[in-house]
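Reader: Could you take me through a close look at one part of this model, the place where the two chains meet? I would also enjoy some context on what lies behind it.

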Amino acid sequence: MSRILDALRPAYARAWVRIRGNMRVKTWLLWEVVLPTIFMASVIYAYHNLDAPRIFIGFVVVGTMMMNFWFNVLWGMGNVLYWEKETGNLEVYLLSNRPIYMLLLGMALGGMLNTGIRSLAILLIGILVFGAEFNAAGLLPATLVFLLTLAALYSLGLMFSSLHLVYGRKGIRINEVLGDPISFLSGQYYPISVFPTLLQAVASLLPLTIGLDGVRRALLLGEGMENLYIHLAGLGIMTLILLPLGIWILNRMVEKGRRDGRLIMRWL
Amino acid sequence: METAIKTIDLVREFKTSKGVFRALDGVNLEIPSGMIYGLLGPNGAGKTTLIRILSTLLLPTSGDAYVGGYHVVREASKVRSIINLVSGGERPGYGILTTRENLIYYAMLYGYSRREAERRVEEVSQLIGLDEFMNKRLNELSTGMVQKYSLARGLLNNPRILFLDEPTLGLDVENARSIRRLIRRLVDEGYIETILLTSHYMHEVEELCDRVAIIHRGRIIEEGTVEELKERVSSHVIYELTLQGSNGNLDFLRELDSVIGYKVRLSNVPGEARLRIIMAYEDISRVISLLERKMYRVRRIVRDEISLEDVFLKLVGRGLDE
């Protein structure tokens, strides 16, 4: 037990720093809630104008909430090692003799908490301001699907951080390439059934698409575990593949970085 | 005496757009424990590359290196458990957090529990003299305080061997002096067993280091105590001249067989320059006539004592910062 706690210490330390840092300047919450809310409002008003069923309000709120996590994976976790390298922190991490994925785990946990607070604020705005309605019976399956989605997404983040480690500033392009297209494909504001079949097939390979669909089914339609086991299994399998793969790639990239000097030489 | 650090034919090459650049070219070093060892060399000489290899952050292209008896590639984890590295001019940490919070964070990374980390941070802050800055945000600290903070961070894991890469880089005279005093104290009072310090400040190395290696273009070109190194140029003649007049380079001085090396520095007086020249034998009259032929006016001539800078001048033929 003490060995597990010891191994988790760097993750706790990194999460602690992240949460503490965010809490120091509380205005972050305002900006990071206000901006997504504006986009969310515009889509809700569009649906309203089209006389779409009321369920679409909840649909958009869930999409906005979960998309926050995707952007957190990309911008808060994916490129973290690049920034840590630029500030000299990466050297300190490497010298600490701890597995670097533990630091990323800490980053992920801190990010999840901060993003969770943001998403909760958006949920409340969705309910109180826009009148979104959710089915309380779907809370447990929705939570399960949501947690598995996070596990799969942050495992992907582990892989992205390796790419940023190798490609440095150019890695930011990865975020740009993945940000909006994934948001488009996963159906942030609309059901992916509107896509042609081929695009639907591609979209259904994304953990975010599965997660969004599962959470919406549970919270909006009240579907239970009996209807969501495919979502849960899909996300579980994705996590089981992506997590070890992410750790393996990260370790390989750290070794490659030690070999070619990219870990420490800022010009590389 | 036990060996703290040993390198055998250490080579490190980097691939660049212009081809392969050899940063270290067969470095052989043996550093005994219990001392401050200086690695002196100009920018780009290979000091940082060597220190990064010894601290396991970079792999050598070939050759071997041992720190505390452990191989830096095969036993990297064991090496990391007994070392730490502090780089001058860097500010690792999070500006929005206080000095204390940053140090607690790093201490936790090194495996301390939150409570142990707080205790360790207090110990180290007292040792370094950081107490009054502990509740200040990192981005509010002066450069000198940041360097003290970095030193404190380097002590958190109680390392046996500490690597200091240009520890006074960018500091003013007073802060640099204060950091040097701290470094000396760490070894003298037994907090750190061995320090390997890189610098391109001669006086720093002269003041602090028990032994010195001079590194140039990736090779160790001289090694010994400061006194031993000076002794090796004791038969040479050193003058410092104050010049006025023609500016530009003084390469014509190399026409004289007696001239081994020289260094020119601008004086505080406009139009004046200081020339430090090292000669194999007494030949100052020919130097002066040559200067005068080239339209220089020699305002002042002083025969000087040998310094570490002269050792470098003799070995490389130019000053460290040229």
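Author: Happily! At this meeting place, 34 residues of chain A are in contact with 39 residues of chain B, where contact means heavy atoms within 4.5 Å. Please keep in mind that this is a predicted model, in which local features need pLDDT of at least 70 and side-chain atom pairs count only at pLDDT 80 or more, while totals for chains, interfaces and linings use all residues. Residues are numbered from 1 along each chain as its sequence is written, chains are lettered from A and ligands numbered from 1 in the order in which they are written, and side-chain values use heavy atoms, with hydrogens and water left out.

The size of an interface is often given as the accessible area lost when the parts come together. Here chain A and chain B bury about 3300 Å² between them, and 59% of that lies on carbon and sulfur atoms; buried area is the accessible area (1.4 Å probe) that two parts lose on being put together, summed over both.

Now for the polar side of the interface. There are three salt bridges between chain A and chain B, each a side-chain nitrogen of Lys or Arg within 4 Å of a carboxyl oxygen of Asp or Glu. A:Arg24 forms a salt bridge with B:Glu101, with 2.6 Å between the closest N and O atoms. Across the interface of the two chains, 20 residue pairs are in polar contact, both residues being at pLDDT 80 or more. A polar contact is a pair of N or O atoms within 3.5 Å; within protein, one must be able to donate a hydrogen and the other to accept it, and residues adjacent in sequence count only if both atoms are side-chain atoms.

Which parts of chain A supply this surface? Helix 1 (2-24), helix 4 (80-87), helix 5 (89-95) and helix 11 (225-260) each give at least two residues to the side of chain A that touches chain B. Helix 1 of chain A provides the largest share, 11 residues. Sorted by class, that side of chain A has 14 nonpolar, seven polar and 13 charged residues. In this sorting, Ala, Val, Leu, Ile, Met, Phe, Trp, Tyr, Cys and Pro count as nonpolar, Asp, Glu, Lys and Arg as charged, and the others, Gly among them, as polar.

Stepping back to the whole of chain A, its secondary structure comes to 11 helices and zero strands; helices (H or I, at least four residues) and strands (E, at least two) are DSSP runs, numbered from the N terminus. The C-alpha trace of chain A spans about 60 × 40 × 40 Å along its principal axes. Of its 268 residues, 54% count as buried, that is, under 20% relative accessible area, with exposed meaning over 50% and partly exposed in between (1.4 Å probe, protein chains only). A:Thr37, in helix 2 (residues 27-49) of chain A, is buried, with a relative accessible area of 12%. Not counting residues up to four places away in sequence, A:Thr37 touches A:Ile122, A:Ile125 and A:Phe130.

Over in chain B, seven of the eight residues of helix 1 (residues 47-54) are buried, so this helix is largely enclosed by the rest of the structure. Among the buried ones are B:Lys47 and B:Arg52. After helix 1 of chain B comes B:Thr56, whose phi is positive, near 70°.
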